[in-house]
Amino acid sequence: MTDTLTLFEGRVRLRTGPLHEIALAALEAQTRTGQAQIFVFDDVTGSAIDLDLSGAAQAVVDRYGPEPKGRGRPKLGVAAREVTLLPRHWEWLATQPGGASVTLRKLVEQARRDDTGQRRARLDAAYRFGSAMAGDLAGFEDAVRALYAGDREGFDARIAAWPADVAGHMRRLAYGD
């Protein structure tokens, strides 16, 4: 699961934020409206997320609250793993400022920025979200065709009549705006 989620009540976007905030907001919306349709989506994958909203607010806080910060150095998620390279690769890495680890991290980040797979992942996220929230709306299939064809203008034209929050979130997932 990603750092941010987006909460919808029906086709209205209520909030975007971290898990613990979205869980509390979802509980509040469910309590306020009774049987309203509450949907939560992962902002990277576009997938629907099921939250256990049973119990009172404190139970939800206990279940989804942020982890307390500990003392000492923050955990950066660094994992030591083995990398197998040819001797000439190790020689080149040894000459780079900061050493092998810094250079490898920089190369990986650059590749991630340049990766067309990132574009495809954004489009797939938009599609997943759109299938759940707009699959029954007029022009959905044509909008998806335009989305994957790279026709931004056509995509925007086909979602123009959709509920603003649904169209806006699908656009944000696909294009980052």
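# A guided tour, starting at a ring and a charge

Select arginine 152 and tyrosine 175 to begin: the charged end of the arginine sits over the tyrosine ring, 4.0 Å from its centre. A charge is said to sit over a ring if NZ of Lys or CZ of Arg is within 6 Å of the ring centre and within 35 degrees of the ring normal.

A word about what is on your screen. This is a predicted model, in which local features need pLDDT of at least 70 and side-chain atom pairs count only at pLDDT 80 or more, while totals for chains, interfaces and linings use all residues. Residues are numbered from 1 along each chain as its sequence is written, and side-chain values use heavy atoms, with hydrogens and water left out.

**The whole chain**

Now zoom out and colour by secondary structure. You should find eight helices and three strands, in the order β-β-α-β-α-α-α-α-α-α-α along the sequence. Helices (H or I, at least four residues) and strands (E, at least two) are DSSP runs, numbered from the N terminus.

Turn the model around: the C-alpha trace spans about 65 × 45 × 20 Å along its principal axes. The chain has a radius of gyration of 21 Å, whereas a compact globule of 177 residues would have one near 16 Å. That radius is taken over C-alpha atoms, and the globule rule is 2.2 Å times the number of residues to the power 0.38. Of the 177 residues, 27% are buried; buried means under 20% relative accessible area, exposed over 50%, and partly exposed in between (1.4 Å probe, protein chains only).

**The strands**

Next, select residues 5–9, which form strand β1. Four of the five residues here are buried, so β1 is largely enclosed by the rest of the structure. Add residues 12–17, strand β2: five bridges join β1 to β2, and the two run antiparallel. Two strands pair if DSSP finds at least two bridges between them. Glutamate 9 stands opposite valine 12 in β2. Between these strands the hairpin has two residues, and glycine 10 takes a positive phi near 60°.

Which strand is also joined to β1 by five bridges and covers residues 38–42? That is β3, which runs antiparallel to β1. Here phenylalanine 41 is the bridge partner of threonine 6.

**A trail of phenylalanines**

The structure holds seven aromatic pairs. Rings of Phe, Tyr and Trp (its six-membered ring) pair if their centres lie within 6.5 Å; planes under 30 degrees apart count as stacked, over 60 as edge-to-face and the rest as tilted. Show the side chains of phenylalanine 8 and phenylalanine 41: they form an edge-to-face pair, 6.1 Å centre to centre with 85° between the planes. Phenylalanine 8 lies in β1 and phenylalanine 41 in β3, so this pair ties together parts that are 33 residues apart in sequence.

Keep phenylalanine 41 on screen and add phenylalanine 129. These two are also an edge-to-face pair, 4.9 Å centre to centre with 80° between the planes. Phenylalanine 129 lies in helix α5 (residues 116–134) and phenylalanine 41 in β3, so the pair ties together parts 88 residues apart in sequence. Both phenylalanine 41 and phenylalanine 129 are buried.

**Helix α7**

Move on to residues 152–159, helix α7, where the buried residues are Gly154, Phe155 and Ile159. Look down the axis of α7: its buried residues fall within an arc of 125°, so they line one face of the helix. The arc is that of the directions from the helix axis to the C-beta atoms. Which exposed residues are carried by the face turned away from the buried side of α7? They are Glu153 and Ala157. Display α6 (140–149) and α8 (164–175) too, as both are among what covers the buried residues of α7.

**Last stop: tryptophan 162**

Select tryptophan 162 in the loop between α7 and α8. Is it buried or exposed? At 6% relative accessibility, tryptophan 162 counts as buried. Leaving aside neighbours within four places in sequence, tryptophan 162 is in contact (heavy atoms within 4.5 Å) with residues including Ala134, Leu137, Phe140 and Met170. Tryptophan 162 and phenylalanine 140 are 22 residues apart in sequence and 9.4 Å apart in space, C-alpha to C-alpha. To finish, light up Tyr127, Phe140, Tyr148 and Trp162 together: they form one aromatic cluster.
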